[in-house]
Amino acid sequence: MRRRADILNSIFRQGQTGFFQPGQKLIEADTLPRYVYQLRTGLAYQSHWFPDGRRAIVDIFTPGNVVGLEIILSLRPSSTVAAAGLVKYLALDAKSLHQLMEDRQVALCFTSLLI
């Protein structure tokens, strides 16, 4: 069985490469993402706004991490993910990801990331 990192790298190499500028949002809260991203360089953070106006950073993403897995379950994320600095990424669109999920190893790989 192939290692999870090898599977992820081979999957995301099929996607498109791009950059997010500091402060730019990768994922918007309450909006179904169109893409799943694998960070190649830079850092991103996930923050959540509370009803009383406070905000908390709930996760930090580093190179190699996958962002936007809610797309697999067709869920709208409850928090926002933004670039902390310049971020280089590889992106897969939702349709491509759903097609790739037909492969058992790929499905298990992404399921393990969701857990």
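The exercises below work through a predicted model, from its aromatic pairs to its largest pocket.

Residues are numbered from 1 along each chain as its sequence is written. In this predicted model local features need pLDDT of at least 70 and side-chain atom pairs count only at pLDDT 80 or more, while totals for chains, interfaces and linings use all residues, and side-chain values use heavy atoms, with hydrogens and water left out.

**Exercise 1. Aromatic rings**

Task: State how many aromatic pairs the structure holds, and describe the pair of Phe20 and Tyr37.

Solution:

Step 1. Apply the criterion: rings of Phe, Tyr and Trp (its six-membered ring) pair if their centres lie within 6.5 Å; planes under 30 degrees apart count as stacked, over 60 as edge-to-face and the rest as tilted. The structure holds four aromatic pairs.

Step 2. The rings of Phe20 and Tyr37 lie 5.3 Å apart, centre to centre, with 80 degrees between the planes, and the pair is edge-to-face.

Step 3. Place the two residues, taking helices (H or I, at least four residues) and strands (E, at least two) as DSSP runs numbered from the N terminus. Phe20 is in strand S1 (residues 16-20) and Tyr37 in strand S3 (residues 35-41), so described as a link between distant parts of the chain, 17 residues apart.Step 4. Tyr37 also pairs with Tyr35; this pair is tilted, at 6.2 Å centre to centre and 40 degrees between the planes.

Step 5. Ring pairs link Phe20, Tyr35, Tyr37 and Tyr89 into a cluster.

**Exercise 2. Accessibility of Tyr37 and a charge over a ring**

Task: Decide why Tyr37 counts as buried, and find which ring has the charged end of Arg54 over it.

Solution:

Step 1. Take the classes: buried means under 20% relative accessible area, exposed over 50%, partly exposed in between (1.4 Å probe, protein chains only).

Step 2. Tyr37 counts as buried because its relative accessibility is 8%. Phe20 is buried as well.

Step 3. For Arg54, use the rule that a charge sits over a ring if NZ of Lys or CZ of Arg is within 6 Å of the ring centre and within 35 degrees of the ring normal. The ring in question belongs to Phe50, and the charged end of Arg54 is 5.3 Å from its centre.

**Exercise 3. Buried polar side chains**

Task: Find which side chains make polar contacts with Gln38 and with Gln46.

Solution:

Step 1. A polar contact is a pair of N or O atoms within 3.5 Å; within protein, one must be able to donate a hydrogen and the other to accept it, and residues adjacent in sequence count only if both atoms are side-chain atoms.

Step 2. Gln38 is found in strand S3. With a relative accessible area of 2%, Gln38 is buried. Its side chain is joined to that of Asn9 by a polar contact of 3.4 Å.

Step 3. Gln46 lies in strand S4 (residues 44-49) and is buried, with a relative accessible area of 15%. The side chain of Ser79 makes a polar contact of 2.6 Å with the side chain of Gln46.

Step 4. Ser79 belongs to the loop between helix H2 (70-73) and strand S7 (80-83) and counts as buried at 5% relative accessibility. From C-alpha to C-alpha, Gln46 and Ser79 are 6.5 Å apart in space, and 33 residues apart in sequence.

**Exercise 4. Asp30 and Ser78**

Task: Determine where Asp30 is found, whether Asp30 is buried or exposed, and what separates its C-alpha atom from that of Ser78.

Solution:

Step 1. Asp30 is found in the loop between strand S2 (25-27) and S3. Its phi is near 65 degrees, a positive value in a residue other than glycine.

Step 2. Asp30 counts as exposed because its relative accessibility is 57%.

Step 3. Ser78 has its place in the loop between H2 and S7, and at 52% relative accessibility Ser78 counts as exposed.

Step 4. The C-alpha atoms of Ser78 and Asp30 are separated by 5.6 Å, although the two residues are 48 residues apart along the chain.

**Exercise 5. The largest pocket**

Task: Give the space in the largest pocket and describe its lining.

Solution:

Step 1. On a 1 Å grid over the protein atoms alone, a pocket is an open set of points where a 1.4 Å probe fits, with protein on both sides within 12 Å along at least five of seven lines; lining residues have an atom within 4 Å of a point.

Step 2. About 330 Å³ of space lies in the largest pocket. There are 15 lining residues, and the closest to the centre are Phe61, Val66, Val67, Leu69 and Leu113.

Step 3. Strand S5 (55-61), strand S6 (66-67) and helix H4 (104-114) each supply at least two residues of this lining.

Step 4. Sort the lining by class: Ala, Val, Leu, Ile, Met, Phe, Trp, Tyr, Cys and Pro count as nonpolar, Asp, Glu, Lys and Arg as charged, and the others, Gly among them, as polar. The lining of the largest pocket divides into nine nonpolar, four polar and two charged residues.

Terms used:
Points joined across faces, edges and corners; volume = space filled by probe spheres on them.
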